[in-house]
Number of protein chains: 2
Amino acid sequence: MPQRDPLREQIIAQYDAMSPQLQQAARYVLEHPDEVALVSMRELARHAAVQPATMTRLAKFLGKQGYDDIREHYVAALRRGNDGFAAKVRQRTEGATAAANDTIAAHMLHGLSAQISQLCEPDSLQRLEAIANTLKSARKVYVLGLRSCHSVAWHFHYVMSLLGDRSVHLEGPAGTGGDRLIRAMPDDVMLVVSVKPYAVATLELTQLAKDKGLTILSITDSEVSPLVGLSDQTIFCPTESDSFFHTLTPALAISEVLCTLLAEDDRPQALDALQRADEHFLSLNTYASAIPRRE
Amino acid sequence: MPQRDPLREQIIAQYDAMSPQLQQAARYVLEHPDEVALVSMRELARHAAVQPATMTRLAKFLGKQGYDDIREHYVAALRRGNDGFAAKVRQRTEGATAAANDTIAAHMLHGLSAQISQLCEPDSLQRLEAIANTLKSARKVYVLGLRSCHSVAWHFHYVMSLLGDRSVHLEGPAGTGGDRLIRAMPDDVMLVVSVKPYAVATLELTQLAKDKGLTILSITDSEVSPLVGLSDQTIFCPTESDSFFHTLTPALAISEVLCTLLAEDDRPQALDALQRADEHFLSLNTYASAIPRRE
DNA sequence: ACAAAAATGATTCACTTGTTGCAAACCTTG
DNA sequence: CAAGGTTTGCAACAAGTGAATCATTTTTGT
């Protein structure tokens, strides 16, 4: 793990030119980089058996403005190391990261990319598989996503509707969206998407479905989301963004993965269903040209 | 990687019993455990959009002596996490580089992450900025996205509608979606989203708008998309996926970036508009709890 | 050996930190 | 709608922070 650490290298390079006390301080910093980030300067000095002022002097000696510059360096390093994904993104787009990091757009896209790769953690993958399994055996799947989450819910429903007629989108004009639940049965499943702030209507409809005995699956943004308590299974999507708004991109990614897992479960049937859909669209002239399907 | 974290679990367990402010603080702590260790309480409170005192109160609520108890917990966790380097790195690289071998889900998520980070290329960024600039000075923005692209178009429109009333979604029951173009003027702009296969209706409506003199901006999937010829400016979104279906996640990411650029262009006005939206939702009891806005 | 220069320690200062007490604002619940 | 308790924001606080200053010691060159 060859983490490039310019400050560390600088300290080593200038070590011989330091006074004894400075060396002692510098040595402690080299050997306990985490401490620098986690502990006050005075405490660090105490541990290094050095005067507090020596740390300040070390910073100046290294050409920094003050001790805080040193600390910030190690804080940043620690952050990077722990978030983990940074390394990967950096690796993938070395040039772009360094060059275009200053624009809002580039920064945001990097963040999104990282958030999605976070979903590769074992816990998330397990939840995805589990939810997909539940969906597989459902008689009907009622899909609910209001307001900002409408996009995710609708997209899931749209794809599912290409594969069969098990999906029911809880959406309708004049507030009739919930009506589709009238004939819901305990064998059915509800997939609900909601992130903060949670729409009251979403929670109410979910509660109703739960009361009816449906299995509740949810895509939401936190362990403490009100949906967690209502749901049998949950998968979490990051929503944080540099902008004013939450991002729904990771949630959409989750939804697409679920669709894929479902289709992949019975490939022949999925291909068959898509074939039929293609014919339908063809006869209706829905699309501008034939629909190429791979393989 | 199920890191056992008793404090985290305690917070989750007691979350429902907390007051709103306490919940907001607790939530931020849950979502940013590293920050707790690395920054001062006041700064943490600032990031969480909470009063400093609330953090102290959170500690007391959890039965701790003071905030420092919480911090020390996360400091210890961070220390541990960094010592177990070898294991961690191994795990990380497994999740990142070698994800290909694993499950379908992991592979797919990995691909999505890569596709989005591809959008950081200078050409894409330039196109994004250019489109954002055009959108900024538009009188009205008509948003069109049919079938699978509905999710992207709608999400863009939804966010824009929070910021003002310039956005018009070309969508309506019984095929009336195009009617909104009746009063479109040459000063207006149309943002159209479409990927292969291209819906005929999308192309027709776009052509109509073009004939009316509107500026056409498009989010589409290829240089050879039929939209390219109809559009004044275009940004390309990758849509390839391992599954049967195209992915719209990168397209949604693009849409979110555009929204952010627009909001960021006039921060004060955006904040103002969001403030007004919050009040509206509050008086309608749309959401389950107050909407926290950072800074 | 003895100035001159460098390094170190002690003291102090301006500032931030985490905490607390209090009053205004906010629900509840009779 | 009014009394009650809870929640929240604000202002003040003592303690601790990093930095600056100056006196003292140590080192160095001749």
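1. A quick word on classes before anything else: Ala, Val, Leu, Ile, Met, Phe, Trp, Tyr, Cys and Pro count as nonpolar, Asp, Glu, Lys and Arg as charged, and the others, Gly among them, as polar. With that in hand, the surface near DNA strand C splits into four nonpolar, six polar and six charged residues.

2. Some housekeeping. This is a predicted model, where local features need pLDDT of at least 70 and side-chain atom pairs count only at pLDDT 80 or more, while totals for chains, interfaces and linings use all residues. Residues are numbered from 1 along each chain as its sequence is written, chains are lettered from A and ligands numbered from 1 in the order in which they are written, and side-chain values use heavy atoms, with hydrogens and water left out.

3. Who sits around strand C? Near here means that a residue has a heavy atom within 4 Å of the strand. There are 16 such residues around DNA strand C, and the closest are A:Ser19, A:Arg57, B:Met41, B:Arg42 and B:Arg71. Of the strand C atoms within 4 Å of the protein, 59% are sugar or phosphate and the rest belong to bases. H5(B) gives the most to this surface, with four residues.

4. Now the polar contacts to strand C. The term covers a pair of N or O atoms within 3.5 Å; within protein, one must be able to donate a hydrogen and the other to accept it, and residues adjacent in sequence count only if both atoms are side-chain atoms. The side chain of B:Arg71 has an N or O atom 2.7 Å from a phosphate oxygen of DNA strand C, and the side chain of A:Gln51 has one 2.9 Å from a phosphate oxygen. A:Arg57 goes for a base instead: a side-chain N or O atom is 2.5 Å from a base oxygen of the strand.

5. On to strand D. Here 16 residues surround the strand, the closest being A:Met41, A:Arg42, B:Ser19, B:Gln51 and B:Arg57. Sugar or phosphate makes up 62% of the DNA strand D atoms within 4 Å of the protein. A base oxygen of DNA strand D has a polar side-chain atom of B:Arg57 at 2.4 Å, while the side chain of A:Arg71 places an N or O atom 3.0 Å from a phosphate oxygen. B:Gln21 uses a polar backbone atom, 3.0 Å from a phosphate oxygen of DNA strand D.

6. The protein-protein side deserves a look too. Counting contact as heavy atoms within 4.5 Å, 87 residues of chain B touch 86 residues of chain A. About 8000 Å² is buried between the two chains, with carbon and sulfur atoms giving 68%; buried area is the accessible area (1.4 Å probe) that two parts lose on being put together, summed over both. B:Arg147, B:Phe244 and B:Phe245 supply 11% of what chain B buries against chain A, more than any other three residues.

7. Four salt bridges cross this interface, taking a salt bridge as a side-chain nitrogen of Lys or Arg within 4 Å of a carboxyl oxygen of Asp or Glu. One of them pairs A:Glu35 with B:Arg79 at 2.8 Å, N to O.

8. Finally, check B:Thr247. This residue is buried, at 2% relative accessible area (buried means under 20%, exposed over 50%, partly exposed in between, with a 1.4 Å probe and protein chains only). A 2.4 Å polar contact links the side chains of B:Thr247 and A:Glu256, and the B:Thr247 side chain also reaches the backbone nitrogen of B:Thr249 at 3.1 Å.

Note on methods
Helix = DSSP H or I, 4+ residues; strand = E, 2+ residues; numbered from the N terminus.
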